[in-house]
Amino acid sequence: MHTAYDDTLLIHAGRAPASFGGLVNTPACRASTLLVPSYDAWMRSCEGGNAYGHYARFGTPTTRAFEDILAELEGAHGAVVYPSGLAACTHTLLAFVSPGDHVLMTDNVYGPTRSFACQTLARLGIEVTFFAPEEGANVSARLRPNTRVVYVESPGSQTFEVSDVPAIAAAAHQHGAIVLMDNTWATPLYFKPFEHGVDVSIHAATKYMVGHSDAILGAATANERAWPTLQAAAHSFGQTAGPDDLYLALRGLRTLSVRLQRHCETALLLADRLQEHPAVARVLHPALPGCPGHAFWQRDFTGASGLFGVVLKPAENVEQALSVAFNRLQFFGIGLSWGGYESLALPIAKPARAVNPWEDAGPLLRLHAGLEDPETLWNDISAALNAYAEAREPALG
Ligand SMILES: *Cc1c(COP(=O)(O)O)cnc(C)c1O
């Protein structure tokens with residue numbers, strides 16, 4: 001389990017009733033200009049070397065409240081916000097790389113981050129290559145004299161391999177590279193990146209932090225070494241986030257722990273039963289022994305969230321069989337994103353792989369276990385997969 005201290009922190013951090021007429025919640029502060037009381041105060045605010053520091057682009061009490069909780073939960077030196085999770089991924093990368101540098105990236109990285117690296121970073125003269133998520137300390141062999149960043153995501157949000165993050169980080173540091181990690185799946189409650197060698201932790205707050213599918217928001221936190229570079233880049237790029245989205249994320253954080261516990265229990269129940277379902281080839285859930293890297297999950301994580309994968313048995317008529325199955329779903333929604341209170345199911349295209357090709361012949365589905373009654377969800381997904389099994393013409397060979 002995560003620590004009891006985290007549970008209390010989620011409720012009490014980032015609140016200042018005395019500053020807001022007794023309000024329990026830090027309000028959504030709408031601001032551009034922040035006034036100072038005098039000429040002297042203005043001149044003093046310029047002394048920090050940044051005359052624009054006193055401006056709402058750099059944060060309001062709402063921004064600070066969210067950044068403070070996040071940094072404290074994750075054990076970071078500081079936190080910055082971005083208008084989306086993807087902006088957090090891309091601008092964190094941009095903070096640390098220059099033309100001529102090399103970025104080594106995990107092969108199970110979030111698709112849009114992969115596209116950004118292969119297209120935009122490549123256009124800026126930054127080399128990008130990939131390592132297999134199971135390589136661990138062997139990534140040393142892929143590090144180059146100009147490797148500046150090693151980018152990990154564990155588990156991958158479509159294929160769920162868990163990496164040996166401490167071993168990868170140790171190899172990267174020995175080489176003088178910095179370690180960025182997309183920690184969205186585990187949230188700061190279930191994986192403490194800075195205790196496992198990570199320098200910068202990235203979050204799509206859109207997912208479990210907001211938790212109600214009603215806002216898009218990103219964040220990154222850093223240790224003391226990486227913080228000045230991360231913060232300077234975020235300021236230089238003009239990164240900020242709107243008050244309503246920050247407010248929704250703050251509100252979501254208050255219940256993160258109880259929500260995650262339920263997401264975790266229901267996902268495990270479904271994943272466990274799905275292993276026995278006649279339509280299923282394998283279940284990809286970091287907390288189940290069959291998942292690649294399960295031992296690292298057991299060693300390094302204190303919980304599992306509600307998102308996992310299912311590989312179905314192959315079918316000759318796969319499109320038709322999937323269509324029958326998905327159209328049967330009553331309670332699982334079909335759509336992108338995850339981490340909200342509601343359950344989702346999604347067909348996943350064959351994962352892009354630069355190192356080891358994806359070998360499963362059957363289709364990959366991603367499920368998000370929401371907060372509905374677990375047995376209702378089981379009936380829904382098992383009926384849909386029964387329909388797949390009935391409609392399926394077994395693939396030859
Ligand atoms: C959703 C997601 C993102 C991007 O977040 P947005 O807020 O949708 O831009 C980044 N990384 C992972 C692992 C995600 O699941």
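**Figure 1. Polar contact between T206 and the ligand in the predicted model.** An N or O atom in the side chain of T206 lies 2.6 Å from an oxygen atom of the ligand; a polar contact here is a pair of N or O atoms within 3.5 Å. The protein buries 91% of the 380 Å² that the ligand exposes when taken alone (Shrake-Rupley method, 1.4 Å probe). The model is predicted, with local features needing pLDDT of at least 70 and side-chain atom pairs pLDDT 80 or more, while totals for chains, interfaces and linings use all residues. Residues are numbered from 1 along each chain, and side-chain values use heavy atoms, without hydrogens and water.

**Figure 2. Contacts of the ligand with D182 and L86.** A nitrogen atom of the ligand is 2.7 Å from a polar side-chain atom of D182. At L86, a polar backbone atom lies 2.8 Å from an oxygen atom of the ligand.

**Figure 3. The shell around the ligand.** The ligand is surrounded by 14 residues, each with a heavy atom within 4 Å of it. G85, L86, D182, T206 and K207 are the closest. Helix α4 (residues 85–96) gives the largest share, three residues; helices are DSSP runs (H or I) of at least four residues, strands (E) of at least two.

**Figure 4. The largest pocket, where the ligand sits.** More than half of the ligand's atoms lie within 2 Å of the pocket's grid points. A pocket is an open set of points on a 1 Å grid over the protein atoms alone, where a 1.4 Å probe fits, with protein on both sides within 12 Å along at least five of seven lines; lining residues have an atom within 4 Å of a point. The volume of the largest pocket, the space filled by probe spheres set on the points, is about 630 Å³.

Methods: Polar contact = N/O pair within 3.5 Å; in protein donor to acceptor, adjacent residues only side chain to side chain.
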